[in-house]
Amino acid sequence: MDAWTGHDVPTLPGDAVAPRLFDSARRSVAATTPEGAATMYVCGITPYDATHLGHAATMITFDLVNRLWRDAGLDVNYVQNVTDIDDPLLERAQRDGEDWIVLAMRETALFREDMESLRIIPPAHYVGAVESIPAIAAHVRELVAAGQAYALDDGTGDLYFAISAAPRFGYESHLTRDEMTVLSAERGGDPDRAGKRDPLDPLLWRGARDGEPAWEGGELGPGRPGWHIECATIALGLLGDTIDVQGGGNDLIYPHHECSAAHAEVLTGDEPFARHYVHAGMIGLDGEKMSKSKGNLVFVSRLRADGVDPMAVRLGLLSGHYRADREWTDDVLKAGQERLARWRAAAAAPAGPSGEGLLAAVRESLGNDLDTPATLAIVDAWCEAALTATGDDESAPALMSRTVDALLGIRL
Ligand code: 5CA
Ligand code: ZN
């Protein structure tokens, strides 16, 4: 499907290196080391409601990775999916008496607008689950043929992946089986379902049910794809066997990213699915994770309709570290608005401290696992100096403006 429209990204003088990022599998920060083009797959929305600030924060996180790789002179092949068929979408459509396709199309269109307003560089490939069904079904057939997947014998036509086929299962999330069982039940899995070989085995293909959409699966029979195989198939098809970064929020560490990696690694003969599993913290409101199912949401589109500058929203979200679970409050937004105004004023100053010095410091702090709180403090200090007529680099305000545009996505 179509992505959104991008903006020009300024190029910056001097050299930069690829960022160091925390990897959930290693449990430490490590340099990203793309060979040729850098490849990134980010888990996108399930379009049954509007984009909230949690989605925005996660998309901004991976937008920074994209920007830092480009600044380091790398080509970036970025893929994002849209889970445009899954249980939550069908449930919401049913609740509201709406056609699920209309719902998905409307919310995806709104997401595109929100992403554009937040100056997120669009992915090279924006891919829906529905359009990927033939490729997903082919992968499921391969897994069945290899004995790595099995059908339940309850007549439903539901097929499961045998996690016993994935020797490294668990390497990404490092959870105990008990923890996995709890999370699996909370996040779309069905550990209690009778007839599975292992309670943690994830669904690969759901046999057709009355009143639910279904697609031809060849020997699988009609049905629709499971969630984890969707992302494994889209990533493998467009990015190859091993990607540099598999990204998403930390609510996807288990089961989604563990199971996607297991599917992919079994399909490719054990090539590691990702060199880095990178996870953004959860944005909360009133002490709870912002989520469509809880309904405690602040929508990007609502803020835009209220006349809030998306750059202030972006600065608000960047003021916390991407890995931290953190709260969105009115004060976070207010601080973002004030900072934006200060930065704009400073960019219009006649001179300031060294622009090259600022650029080097920003590259250094962002390259260090996207340390945006430190980066914002560095830019704040430069602005303070420029506004109090400290420093005589007349080219610095223009370079400061290009720097925050290119690396932070903040257009002054
Ligand atoms: N379609 C699947 C991924 S394949 C999905 O999780 N969709 S979603 O709409 O629930 O979330 C879209 C992206 O936003 C995911 O990367 C998810 O991890 C992230 N996300 C969801 N809620 C939050 C939140 N409160 N804070 C930060 N990120 C969030
Ligand atoms: Zn995903």
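The exercises below deal with backbone geometry and one sheet in a predicted model.

**Exercise 1.** Determine which two residues are joined by a cis peptide bond, and where the proline of that pair is placed.

*Solution.* Begin with the general expectation, which is that most peptide bonds are trans. Against that background, the bond between Tyr-254 and Pro-255 is cis, with omega at about 0°. Next, locate the proline along the chain: Pro-255 lies in helix α7, which covers residues 253-267.

**Exercise 2.** For His-174 and Asp-369, find the sign of phi, and decide whether each is buried, partly exposed or exposed.

*Solution.* Start from the backbone: His-174, although not a glycine, has a positive phi of about 55°, and Asp-369, also not a glycine, has a positive phi of about 55°. Then place each residue, His-174 in the loop between β7 (159-161) and α5 (177-186), and Asp-369 in the loop between α11 (355-367) and α12 (372-387). Finally, turn to accessibility: His-174 has a relative accessible area of 30% and is therefore partly exposed, whereas Asp-369, at 4% relative accessibility, is buried because the cut-off for that class is under 20%.

**Exercise 3.** Work out the strand order of the open sheet that contains β12, and explain why β13 and β14 each have one side without a neighbour in the sheet.

*Solution.* The sheet has 3 strands in the order β13-β12-β14, and its pairing is mixed. Because β13 (288-289) and β14 (326-327) stand at the edges with a single partner strand each, one side of each has no neighbour in the sheet. Looking at one pairing in detail, β12 (residues 283-285) runs antiparallel to β13 and is joined to it by 2 bridges, and Leu-285 has Glu-288 in β13 as its bridge partner.

Note on methods. Residues numbered from 1 in each chain as written. Chains lettered and ligands numbered in written order. Predicted model: local features only at pLDDT ≥ 70, side-chain atom pairs only at ≥ 80, totals over all residues. Heavy atoms only, no water. Helix = DSSP H or I, 4+ residues; strand = E, 2+ residues; numbered from the N terminus. Buried < 20%, exposed > 50% of the residue type's maximum accessible area, 1.4 Å probe, protein only. Pairing = 2+ DSSP bridges.
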